[in-house]
Amino acid sequence: MERRRQAVVLAAGDGKRMKSAQPKVLCRVLDRPMLGWVEEACRQAGIQDIIIVAGDRPELLAPAVTADCRFVQQRQRLGTGHAVLSALELLDPLAQVAVVCGDAPLLRPEDLQAAYELHLWEQNVVTLLSARLEDPTGYGRVLRRPDGAVEAIVEERDADETQRRVREVNAGAYWFSGAFLRDALPRLTPQNAQGEYYLTDMVALAVAEGLRAGAYRCPRPDAALGANSRRQLQQLNTIARRQVLDRHLENGVDIPLEDGVMIGPGVRIAPDTRILPGTILEGETSIGPGCTIGPNSYLKDTTVGEDSQVKASWLSQSRVGSHTSIGPFSQLRPGSAVGDHVKIGDFVELKNTTLGDHTSVAHLTYLGDSRVGQWCNFGCGVVVANYDGNHKYETVVGDRVFVGCNTNLVPPVTLGEGSYTAAGTTVDQDVPAGALAIGRVRQENKPGWADDHIAFKKDQQKP
Ligand code: UD1
Ligand code: CA
């Protein structure tokens, strides 16, 4: 039987040291708030029941995590021990409870899992995750007895000279037996330099009561790093970015020059795809094999097929097929889907628009709320006037339609299969299949007008 496990994520801090108007745990590492990283680590370690300790405004944290997390509110910030105490009602006495910090996003699920196994094996009431840092400044130090057994954690501000020299730090993540946590938490006292209820004191409390405390040392010290300041946040970004890039390089993605390349942890890229400088990939973006993305492109929550190209363009919540080329300098706004063998050239904007296979929209065009078929050709400067100031209307373009340069389409309007529009036409009525729509003022030539005009100007210039 799978033993019961819970996680409590400490996320009530308001981030004074970050100088942010938002809760600290919403500060981002790559494209994801720190809280989201920590939740993901708990989920990957197989923990289903996740309780988040929020500060004054839990609703601000909700979008950063999945819907089934439970929230408790810590109304006053009286320390990490007090934060866990706020969740006391929800702590299962029969469960093993992981307590993790919402501001330590590089926590690895492997470490959380390994610490859990050690915790059970040693039958500890508390097992902390530790790491050996070259520079332990700012972290709680792990104190051990001469035989190596864990004795206590001492915060830097409460530590003496000798204790400060210890390089083994508390990563801020722990496994507790639920029963011990419920029993001992109310006995914490704020007798320390900061006058706070320290969760870290639970270790000494367990030892004093003859109960077992242990430590799992994370093999990669980076995993323990937390972010209390913007500078530390930037360091975490650098480490996370490196880790994500290395994973893609190992998977066969080609990143010849990493300058300005930032890839979120949720992005998937197939082998033989090339990511060029200045490219940012975020959210649930997924890119097939053999593509070239960049230089200078931004893709968020966007899917790209095989052998496609995105050059200097901005794509969000869109789908791009295979053998398709986009840009330079184009934008796909949310809800757009373009098929295979499509060509989108420069200065093209699509919004909530679908394009069938083999369609070409090569220059200076805006298409909004449009359903376009296959093998269509849009000339330069086509505009869909989808908004009349009150409502948005749909444009439907059948297969093999030829839309002439500088055509305005005023929806609701349908262009039947195989129809044409003449350059400069404003189309505000449906065009039957196979027809030509032409709607523009007939040209008139005035013979000799230019010569007369020049003669008139010369005449005026005489003194
Ligand atoms: C804490 C640990 C320290 C450890 C370090 C690892 C304590 C006393 N110290 O220090 O040993 O090395 O983490 O990063 O636990 N929080 C609340 N409510 C509060 C106070 C804090 O929810 O009342 C949250 C914060 O939002 C943060 C986490 O708890 O996510 C840790 O708090 P923080 O103040 O950053 O602790 P550190 O000083 O970093
Ligand atoms: Ca911290």
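Three elements, β1 (5-11), α3 (80-85) and β10 (168-177), each put at least two residues into the lining of the largest pocket. Keep in mind that this is a predicted model. Of those elements, β10 gives the largest share of the lining, with 4 residues. The pocket itself has a volume of about 1,200 Å³. If you want to find its centre on screen, look for R17, K24, T80, D103 and N228, the closest to that centre among the 40 residues that line the pocket. Chemically the lining is a mix: 14 nonpolar, 16 polar and 10 charged residues.

Stay with β10 for a moment. How many cavities of 30 Å³ or more are there? The count is 1 cavity, and about 30 Å³ of space lies in it. Its lining consists of C101, A104, L107, A171, G172, A173 and A223. Here too β10 supplies the largest share, this time 3 residues. The cavity lining divides into 6 nonpolar residues, 1 polar and no charged.

N170 sits in strand β10 as well. Is N170 buried or exposed? Its relative accessibility is 7%, and since buried means under 20%, N170 counts as buried. From there, go 10 residues along the chain to F180: the two C-alpha atoms are separated by 20 Å.

Next, helix α4, which covers residues 109-121. Its 13 residues should span 18 Å at 1.5 Å a residue, and the end C-alpha atoms are indeed 18 Å apart, so the expected and modelled lengths agree. The buried residues of α4 are P109, D111, L112, A115, Y116 and H119. Looking down the axis of α4, you'd see these buried residues fall within an arc of 160°, so they line one face of the helix. The spacing behind that kind of pattern is standard helix geometry: an α-helix has 3.6 residues a turn, so residues three or four places apart point the same way.

Further along the chain there's an open sheet of 9 strands, running in the order β13-β16-β19-β22-β25-β27-β29-β32-β35, with parallel pairing. Which strands stand at the edges? They are β13 (268-269) and β35 (413-415); each has a single partner strand, so one side of each is left without a neighbour in the sheet. For a look at one pairing inside that order, take β25 (residues 337-338) and β27 (residues 354-355), which pair in the parallel sense over 2 bridges. A337 has T354 in β27 as its bridge partner.

Finally, some backbone details to inspect. Most residues other than glycine have a negative phi, and most peptide bonds are trans. Against that background, the peptide bond from G294 to P295 is cis, with omega near 5°, and P295 is found in the loop between β17 (292-293) and β18 (298-300). Another cis peptide bond joins P411 and P412, with omega at about 5°. P412 belongs to the loop between β34 (408-409) and β35, and β35 is one of the edge strands of the open sheet.

On the phi side, A312 has a positive value near 40° and sits in the loop between β20 (309-310) and β21 (314-316). F347 has a positive phi too, near 55°, but its place is in a strand, β26 (residues 343-351).

Methods. Residues numbered from 1 in each chain as written. Chains lettered and ligands numbered in written order. Predicted model: local features only at pLDDT ≥ 70, side-chain atom pairs only at ≥ 80, totals over all residues. Heavy atoms only, no water. 1 Å grid on protein atoms, 1.4 Å probe; cavity = no way out; pocket = protein on both sides within 12 Å on 5 of 7 lines; lining within 4 Å. Points joined across faces, edges and corners; volume = space filled by probe spheres on them. Nonpolar A, V, L, I, M, F, W, Y, C, P; charged D, E, K, R; others polar. Pairing = 2+ DSSP bridges. Expected span 1.5 Å × (residues − 1). Buried < 20%, exposed > 50% of the residue type's maximum accessible area, 1.4 Å probe, protein only. Arc of directions from axis to C-beta.
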